Each structure stands twice: as C-alpha cells, then as structure tokens.
Amino acid sequence: RGLHKQTTFPVPLGAAPSPSNPTGILYPLADANDTATATQLYYKNGSTTHQVTNRFKSAGASGYIMLPSTLSTPAIIVMWGQVNTPSSSPGVAVSFPTIANYTGAPVGFPNNVFQVTLSVEATTSGSGSPNIVIGQGSLATTGFSLRVSASLANTVTHWIAIGN
C-alpha cells in the first residue's frame, strides 16, 4: 500500500527533476556549494525546492551548522566559539570559523551576519561586574571585535552568531 521501511537511492541525479504540480518528489543530488560534492536529499513540489538534509557542520567548542533551506534563499548559519579575554584590552579581534568544503571556503558568513550574542565567564572582586561589548562598527561577516571596559584578566567570553 505504498509503505516502505527504507528507500535506497543508488546514485545522485545529474540535475534536479521537474515534476508537474502538485506532485512532490524526494531525490538525491550533489550539493553545488559543496566542494566535496556531497550528496544531499531534496524535496521538490512544482517550482519550490527544499533541501532536507544538512549541508555543513562542525561541532566542538568553536563550530558552525548550516541549516537546510530552499535553493532560492541562503541558508541560516549558526556559529559559536569562545575567546580568552585579556585584562582591560581596548579590542580583541574574533574571527568566525571557515566553513569547510563550502564553495570559496568563506571565513564566516557568505552573505550577512545578523547578530552576535556574548556571555562572559568571569569572577570579579568588588561590586562591579565585567562589561564587554562588541566594538562599534566592528561586526562583519568575517568576525567582530570585543571592546573590554573593565578588568577581565583570565576570563572567557563565549559568543554565538547567526547569519546567512
């Protein structure tokens, strides 16, 4: 009755198929943005194509994940990491990771960075807490600069960035 426990795709297609509306199809295709030509799974219904499987990811203390998207819109990318923050530094440069196997191997976000969120892992003495911000005008698709306005010797700043 059309129920299957498994579907096996022997080889990826050479090009995306063109189903007639409203037929939806699931098919394997080499990712055009992946220099390793990894096969991904796509769903197409009429003129709209959605990537089902994940493209790129790198887990660890610093890393990234590119979420599936339609072929006509850039994927959302989440990056994260940490930096040791020196004491009372006027600015600490932070570079986003390079997306491995992505066409052109961009450092950071290929298109836009929407926001960066920071959290400081610090112990302070006295009544004040550490104050750390992204330096004005320093947010770019390749990274950002932290501006430290209080003594943060031996602290770690964790960051998470979202873009495409």
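This text walks through a predicted model, from its nonpolar core to its aromatic pairs and then to one exposed loop residue.

Start with the core. The largest nonpolar core has 19 residues. Four of its members touch the most other members: Met79, Phe96, Ile99 and Trp159. Several strands feed this core. Strand 5 (63–66), strand 6 (77–85) and strand 7 (92–95) each supply at least two residues. So do strand 8 (113–121), strand 10 (143–148) and strand 11 (155–163). Strand 6 gives the most, with 3 residues.

Next, the aromatic rings. A pair of aromatic rings is described by the distance of the centres and the angle of the planes. The model holds 5 aromatic pairs. One of them joins Tyr27 and Tyr42. Their ring centres are 5.7 Å apart, and the planes meet at 20°. Planes under 30 degrees apart count as stacked, so this pair is stacked. Where do the two tyrosines, Tyr27 and Tyr42, sit in the chain? Tyr27 belongs to strand 1 (residues 24–30), and Tyr42 belongs to strand 2 (residues 39–45). They are 15 residues apart, and the pair links distant parts of the chain.

Are Tyr27 and Tyr42 buried or exposed? The cut-off for buried is under 20% relative accessible area. Tyr27 has a relative accessibility of 3%, so Tyr27 counts as buried. Tyr42 has a relative accessible area of 2%, so Tyr42 is buried too.

Now turn to Phe96 and Phe109. Their ring centres lie 5.1 Å apart. Their planes stand at 80°, and angles over 60 count as edge-to-face. That is why this pair is edge-to-face. Phe96 and Phe109 both lie in the loop between strand 7 and strand 8, 13 residues apart. Both Phe96 and Phe109 are buried. The two rings also belong to a wider group: Phe96, Phe109, Phe144 and Trp159 form one aromatic cluster. Two names here recall the core, since Phe96 and Trp159 are among the members that touch the most others there.

Last comes Thr37. Thr37 is in the loop between strand 1 and strand 2. Is Thr37 buried or exposed? Its relative accessibility is 54%, and exposed means over 50%, so Thr37 counts as exposed. What does Thr37 touch, once neighbours within four places in sequence are left aside? Thr37 is then in contact with Ala30 and Asp31. Tyr102 offers another reference point. Thr37 and Tyr102 are 65 residues apart in sequence. In space, C-alpha to C-alpha, Thr37 and Tyr102 are 9.7 Å apart.

How values were computed: Residues numbered from 1 in each chain as written. Predicted model: local features only at pLDDT ≥ 70, side-chain atom pairs only at ≥ 80, totals over all residues. Heavy atoms only, no water. Core = buried A, V, L, I, M, F, W, Y, C linked by side-chain atoms within 4.5 Å. Buried < 20%, exposed > 50% of the residue type's maximum accessible area, 1.4 Å probe, protein only. Helix = DSSP H or I, 4+ residues; strand = E, 2+ residues; numbered from the N terminus. Phe/Tyr/Trp six-rings, centres within 6.5 Å; stacked < 30°, edge-to-face > 60°. Contact = heavy atoms within 4.5 Å.
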